[in-house]
Amino acid sequence: MMCCLAFVAAACGGGGTGATTTLPLAAATTSSTTSSSTTTTTTPPATSTSTTSSTTTSSTTSTTTTTMPSTTTTTTVAAACPTAPAIPVGATVSATKSIDADGDAALDVMTTYLVGADWHLRVDFGAGGSADVVVPDVSPLTGALALGAFDIEGDGTGELFVKVDAGAHAILVGLYDVDGCGLVPITIGGVPAVFPVGASVGNFSGLNCDGSLLWTFEGTLIEGSEGMYEAMDIPYTLEGHVLTQGFGDGAVVSADEIGPLLTCGDVDLG
Ligand SMILES: [Ca+2]
Ligand SMILES: [Ca+2]
């Protein structure tokens, strides 16, 4: 690593990429000047082949210009993302979370805030730069709330969980992904994915993460029963920014068998 950095630094010092180095090497082109100052001839030349005995004073000047093949070393280093405009003065920040969205092990800051009528989701990356998007379809009654991040499919990057609405017994959770230096919604069937998380006496719904799949679960109180629910678990695979529903599994469970409603690492219900 030190070798490569030093090499790049030297190349930069030479004026950037494609530098031409001029080195004094062996003569390739020679221009000479020869002058005779004193000549004594004892035998006239009969032909062009001289038998001249002479005293000659010479001076020779050699100039060599050699162009070496240019050497360019390129080191790929992940460039920091550009910095989005700062959160405006007067904006209402609803939540901040310390997460790792881009998977570089440097903690990033996830923020939700309101400016005018627009709710924003923002990530300030630990490595520098930031991403900031408007979250559409946020309920004005609840606002958007950063809940945290978890690596749903286990690819090293954290998916962002954002509360975007709330109903009678559950909040609605949207999901976002880092895409380069931007943020994009995770979708199902071409529309942003939104999942209910919450419970009442008659219903429950939640989210689980197992490190490779996202699971939804929900249940409805069986009429006339004593605390028994007809429940369903459904797995989803995440590829890129798209969730695909798998085959669900149904069961009848008691209220005591209903676990935590959101189990995806440090993601909380806000
Ligand atoms: Ca990070
Ligand atoms: Ca991930």
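Four strands form an open sheet in the order 5-6-7-8, and their pairing is antiparallel. Two of these strands sit at the edges: strand 5, residues 92-99, and strand 8, residues 130-135. Each edge strand pairs on one side only. From one strand to the next, the twist averages 15 degrees. This is a predicted model, and confidence in it is taken up further on.

Start at the strand 5 edge. Strand 5 is joined to strand 6, residues 108-115, by seven bridges. The two run antiparallel. One pair gives the register: Val 93 has Tyr 113 of strand 6 as its bridge partner. Strands of a sheet pair through backbone hydrogen bonds, in parallel or antiparallel fashion.

Now follow the chain out of strand 5. The loop between strand 5 and strand 6 holds Ala 105. Its backbone deserves a look. Ala 105 has a phi near 75 degrees, a positive value in a residue other than glycine. Most residues other than glycine have a negative phi. Is Ala 105 buried or exposed? Ala 105 counts as exposed, because it has 9 C-beta neighbours inside 10 Å, and the cut-off for exposed is 12 or fewer.

Move to the other edge. Past strand 8 comes a loop that leads to strand 9, residues 145-150, and Asp 137 lies in this loop. Asp 137 is not a glycine, yet its phi is positive, at about 60 degrees. Asp 137 is exposed, because 12 other C-beta atoms lie within 10 Å. That count still meets the limit of 12 or fewer.

Further along the chain, turn to strand 18, residues 228-239. Six bridges join strand 18 to strand 20, and the two run antiparallel. Here Tyr 229 stands opposite Val 253 of strand 20. How many of the six residues of strand 20 are buried? The number is zero, so strand 20, residues 249-254, lies largely in the open. To count as buried, a residue needs 20 or more other C-beta atoms within 10 Å. In a regular strand, side chains alternate between the two faces of the sheet.

Last, consider how far to trust the coordinates. The chain has a mean pLDDT of 80. Of its residues, 71% reach 70 or more. Where does pLDDT stay under 50? It does so over residues 1-67. For that stretch the model has 54 contacts beyond four places in sequence.

Methods:
Residues numbered from 1 in each chain as written. Chains lettered and ligands numbered in written order. Pairing = 2+ DSSP bridges. Axes fitted to C-alpha atoms, helices over the stretch in contact; angles between N-to-C directions. pLDDT = per-residue confidence, 0-100. Contact = placed C-beta atoms within 7 Å.
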